[in-house]
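Reader: I'd like to learn how to read helices and how they pack. Could you walk me through it?

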Amino acid sequence: LFVCQLASTRSGTCSCVGALAQVCNMARRSGVQKQVLALYRSFLVAARQKPELDRQPWIETIRSAFKDGAQVKRNNFKKIEYLLRQGNKRLQTFKDSSVKSMRTYGVNSSPVSKD
């Protein structure tokens with residue numbers, strides 16, 4: 001998945017490198033790229049709703065997950081669509097105020113733990 005670490009639409013610049021920078025600097029984004037960026041922003045907004053002391057680990061986990069997703073090839077539409085659906089489901093769980101911590105797991109495990 002293609003993700004910019006900064007909201008490039010606000011500042012006009014980003015700190016991305018390599019292939020990710022090429023996507024960020026494109027004049028037009030595809031519909032899927034827009035969906036991924038919107039999902040990323042939604043996760044960051046939800047992270048800001050968490051207690052301030054716990055916020056940084058949440059943000060680091062989100063960034064790490066999206067960077068891992070950035071390794072998916074652009075023409076692997078099935079995988080990208082799957083990751084988008086999975087990300088939207090995880091976002092709903094993440095927004096739940098009872099969620100106190102988050103860990104990433106393998107494919108067959110739950111992405112979020114509730115304490």
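Reader: Which residues in α5 are buried?

Author: Buried means under 20% relative accessible area, with exposed over 50% and partly exposed in between (1.4 Å probe, protein chains only). In α5 that fits Ile80, Leu83, Leu84, Gln86, Gly87, Leu91 and Phe94. An α-helix has 3.6 residues a turn, so residues three or four places apart point the same way. Over the chain of 115 residues, buried ones make up 33%.

Before we go on: this is a predicted model, where local features need pLDDT of at least 70 and side-chain atom pairs count only at pLDDT 80 or more, while totals for chains, interfaces and linings use all residues. Residues are numbered from 1 along each chain as its sequence is written, and side-chain values use heavy atoms, leaving out hydrogens and water.

Reader: What span does α5 reach from its first C-alpha to its last?

Author: The expected span is 1.5 Å times one less than the number of residues. With 19 residues, α5 reaches 27 Å, close to the 27 Å expected. Helices here are DSSP runs (H or I, at least four residues), strands too (E, at least two), numbered from the N terminus.

Reader: At what angle do α3 and α5 pack?

Author: Axes are lines fitted to C-alpha atoms, for helices over the stretch in contact, and angles run from 0 to 180 degrees between N-to-C directions. Under 35 degrees counts as roughly parallel, over 145 as roughly antiparallel, 65 to 115 as roughly perpendicular and the rest as oblique. For α3 and α5 (residues 77-95), the angle is about 20° and the axes are 10 Å apart, so the two are roughly parallel.

Reader: Which residues meet there?

Author: Contact means heavy atoms within 4.5 Å. From α3 they include Val36, Leu39 and Phe43, and from α5 Leu84, Leu91 and Phe94 are among them. The contact's residues split into 10 nonpolar (Ala, Val, Leu, Ile, Met, Phe, Trp, Tyr, Cys and Pro), four polar (the others, Gly among them) and three charged (Asp, Glu, Lys and Arg).

Reader: How do the axes of α3 and α4 cross?

Author: Helix α3 (residues 31-48) and helix α4 (residues 52-69) have axes that come within 9 Å and cross at roughly 165°. That makes α3 roughly antiparallel to α4. Val36, Leu39 and Phe43 of α3 take part in this contact, and Trp58, Ile62 and Phe66 are among those from α4. This time it's 10 nonpolar, no polar and three charged.

Reader: How many helices and strands does the chain have?

Author: Five helices and two strands, in the order α-α-α-α-α-β-β along the sequence.
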